[in-house]
There are 2 protein chains.
Amino acid sequence: MAQRGRRTARVSGDERQDAILVTAEALLGERAFDDVSIEDLAGGAGISRPTFYFYFSSKDEVLLALLDRVITEVEHRVGDLPRDFESDPVGAWTRSIGMFVEVFVSHRGVSTAAIAARARNDEVRALWSKSMQSWVDFSSDVIRAEQARGAAPEGIDAHDLAVSLNLMNERLITAVLNQESPAIAESRALDVLSTIWIRSIYGSINPGRR
Amino acid sequence: MAQRGRRTARVSGDERQDAILVTAEALLGERAFDDVSIEDLAGGAGISRPTFYFYFSSKDEVLLALLDRVITEVEHRVGDLPRDFESDPVGAWTRSIGMFVEVFVSHRGVSTAAIAARARNDEVRALWSKSMQSWVDFSSDVIRAEQARGAAPEGIDAHDLAVSLNLMNERLITAVLNQESPAIAESRALDVLSTIWIRSIYGSINPGRR
DNA sequence: TGAGACAGTCAACACCGTGTCGAAAACGCA
DNA sequence: TGCGTTTTCGACACGGTGTTGACTGTCTCA
């Protein structure tokens with residue numbers, strides 16, 4: 001976005017702040033959070049290291065701001081999800097999980113950095129949990145509804161099941177994105193995950209319409 | 001797997017080396033790896049910081065040695081597991097998963113530190129994968145056998161399924177140990193996990209003896 | 001128009017943890 | 001006793017983080 005009209009000697013504060021965030025997201029795409037120094041962020045935004053502290057109080061604070069944007073996006077998307085589980089349970093679950101995968105993948109750098117930072121930073125941990133919690137709430141509501149209408153068997157607490165399955169997704173996707181071993185082919189991830197969800201929620205291979 | 005760390009032959013400094021490991025395991029029980037400095041390890045072992053480097057080349061090297069011990073224990077235990085899946089599939093899986101849980105829990109500090117260090121350190125990552133791989137191999141062998149004898153349905157690759165379920169275990173147990181949120185009650189973990197394993201491997205709530 | 005409030009900037013400094021080096025002490029063993 | 005090897009650590013270099021204080025533009029209102 002170019003500055004038109006009278007040339008101001010200074011770039012505005014907001015632009016600087018944004019430049020730091022843009023730099024951070026770009027650098028996280030190519031290397032790990034620990035390997036990005038505040039010097040790098042400041043340099044990328046065209047300011048000196050002390051000036052960085054005018055905008056953010058630490059490197060973690062930058063990650064937090066980045067994560068916050070992602071979380072906001074996730075919340076909107078969860079809300080927009082169609083809930084056609086009665087008519088097409090397999091399709092509905094697969095689309096939901098696909099969305100989960102999509103969010104992770106499209107913010108790969110931020111996601112993996114946040115997951116790593118979670119162990120160290122309270123605020124990152126809180127924000128991440130909040131997001132996971134929204135996924136868990138969504139899934140356990142649906143599972144509970146499916147159990148209530150007799151489509152899914154009781155015998156397992158809906159919340160416990162939802163937590164376990166969501167954590168599985170988080171972990172498997174991380175493994176795939178980081179090309180860990182053991183992991184599975186990225187192309188098969190969605191299929192495998194949704195199969196496990198369906199089988200463990202409905203207790204059978206083909207959930208009937210009942 | 002022998003002799004990580006100090007690679008010179010003589011025996012006399014073994015006590016020191018051991019004191020460092022003991023100190024490390026103790027400190028990892030009370031705080032995070034990042035919050036344990038080399039100074040702390042050296043102090044705990046009654047030596048100065050530079051002397052620490054005579055025994056280990058870095059803090060990560062200590063963690064690696066600790067992890068190596070745990071891995072060795074795991075390997076023995078996996079070998080000793082009874083394989084009575086034909087006669088009592090539910091019990092057999094539950095015992096296997098219970099063992100997995102047990103190993104994690106009994107080496108809580110080392111496990112969580114290793115999981116965190118994995119992102120940063122190649123050797124830790126390699127060692128951890130090797131262990132996970134042995135669990136995955138064990139599980140996928142059994143799943144494949146169950147599918148072959150007709151007890152479990154095809155329709156999902158045994159290896160992909162094994163990877164996903166094992167990663168779920170890793171992640172859920174970590175969440176429970178760290179008291180994350182979302183997580184589930186520690187007392188219910190084994191039950192929930194084995195239910196998900198059974199349902200997704202056998203495609204039904206009660207695997208028949210067939 | 002000019003005084004003060006305020007946003008923005010950075011050189012210089014303090015600090016902490018890691019890792020290195022070389023000199024010296026302790027320990028066998030002949 | 002004297003020699004080589006093992007073990008020890010003081011002192012130093014380095015890199016990253018975070019702080020301080022002084023300085024420079026810019027805006028605004030009397």
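A polar contact is a pair of N or O atoms within 3.5 Å; within protein, one must be able to donate a hydrogen and the other to accept it, and residues adjacent in sequence count only if both atoms are side-chain atoms. By that rule B:Ile38 touches DNA strand C: a polar backbone atom of B:Ile38 is 3.2 Å from a phosphate oxygen of the strand.

This is a predicted model, in which local features need pLDDT of at least 70, side-chain atom pairs count only at pLDDT 80 or more, and totals for chains, interfaces and linings use all residues. Residues are numbered from 1 along each chain as its sequence is written, chains are lettered from A and ligands numbered from 1 in the order in which they are written, and side-chain values use heavy atoms, with hydrogens and water left out.

**View 1. Chain A as a whole.**
Chain A has 9 helices and 0 strands. Helices (H or I, at least four residues) and strands (E, at least two) are DSSP runs, numbered from the N terminus. Read along the sequence, the pattern is α-α-α-α-α-α-α-α-α. The C-alpha trace of chain A spans about 70 × 40 × 30 Å along its principal axes. Chain A holds 210 residues, and 51% of them count as buried. Buried means under 20% relative accessible area, exposed over 50%, and partly exposed in between (1.4 Å probe, protein chains only). Take the contacts in chain A with a separation of 6 or more: 66% of them join residues 24 or more positions apart. Contact here means heavy atoms within 4.5 Å.

**View 2. The surface near DNA strand C.**
DNA strand C is surrounded by 16 residues. A residue counts as near the strand if one of its heavy atoms lies within 4 Å of it. The closest are A:Gly13, A:Arg16, A:Ser48, A:Tyr55 and B:Arg49. Three helices each supply at least two residues of this surface: α1 (13-30) and α3 of chain A, and α3 (49-55) of chain B. The most comes from α3(A), with 4 residues. By type, the surface divides into 7 nonpolar, 5 polar and 4 charged residues. Ala, Val, Leu, Ile, Met, Phe, Trp, Tyr, Cys and Pro count as nonpolar, Asp, Glu, Lys and Arg as charged, and the others, Gly among them, as polar.

**View 3. Atoms that meet DNA strand C.**
Of the strand's atoms within 4 Å of the protein, 57% belong to sugar or phosphate and the rest to bases. B:Arg49 meets a base: one of its polar side-chain atoms lies 2.5 Å from a base oxygen. B:Tyr53 meets the backbone of the strand at a phosphate oxygen, 3.2 Å from a polar side-chain atom of B:Tyr53.

**View 4. A:Tyr53 in its helix.**
A:Tyr53 sits in helix α3 (residues 49-55) of chain A. A:Tyr53 is partly exposed, at 40% relative accessible area. A:Ala42 is 11 residues away in sequence and 9.2 Å away in space, C-alpha to C-alpha.

**View 5. The interface of chain A and chain B.**
Here 38 residues of chain A contact 38 residues of chain B. The buried area is about 3,100 Å², and carbon and sulfur atoms give 65% of that. Buried area is the accessible area (1.4 Å probe) that two parts lose on being put together, summed over both. A:Arg171, A:Pro182 and A:Arg199 supply 22% of the area that chain A buries against chain B, more than any other three residues.

**View 6. Pairs across the interface.**
The rule finds 4 salt bridges between chain A and chain B. A salt bridge is a side-chain nitrogen of Lys or Arg within 4 Å of a carboxyl oxygen of Asp or Glu. One salt bridge joins B:Arg188 and A:Asp160, with the closest N and O atoms 2.4 Å apart. There are also 10 residue pairs in polar contact across this interface, both residues at pLDDT 80 or more. On the side of chain A that touches chain B, α7 (122-148), α8 (158-177) and α9 (186-202) each give two or more residues. The largest share, 12 residues, comes from α8(A). That side divides into 18 nonpolar, 10 polar and 10 charged residues.

**View 7. The loop between α8 and α9.**
Most residues other than glycine have a negative phi, and most peptide bonds are trans. In chain A, the peptide bond from A:Ser181 to A:Pro182 is cis, with omega near 5°. A:Pro182 lies in the loop between α8 and α9. That loop also holds A:Gln179, whose phi is positive, about 50°, although it is not a glycine. A:Gln179 is exposed, at 72% relative accessibility. In chain B, a cis peptide bond joins B:Ser181 and B:Pro182, with omega about 5°. B:Gln179 has a positive phi near 50°.
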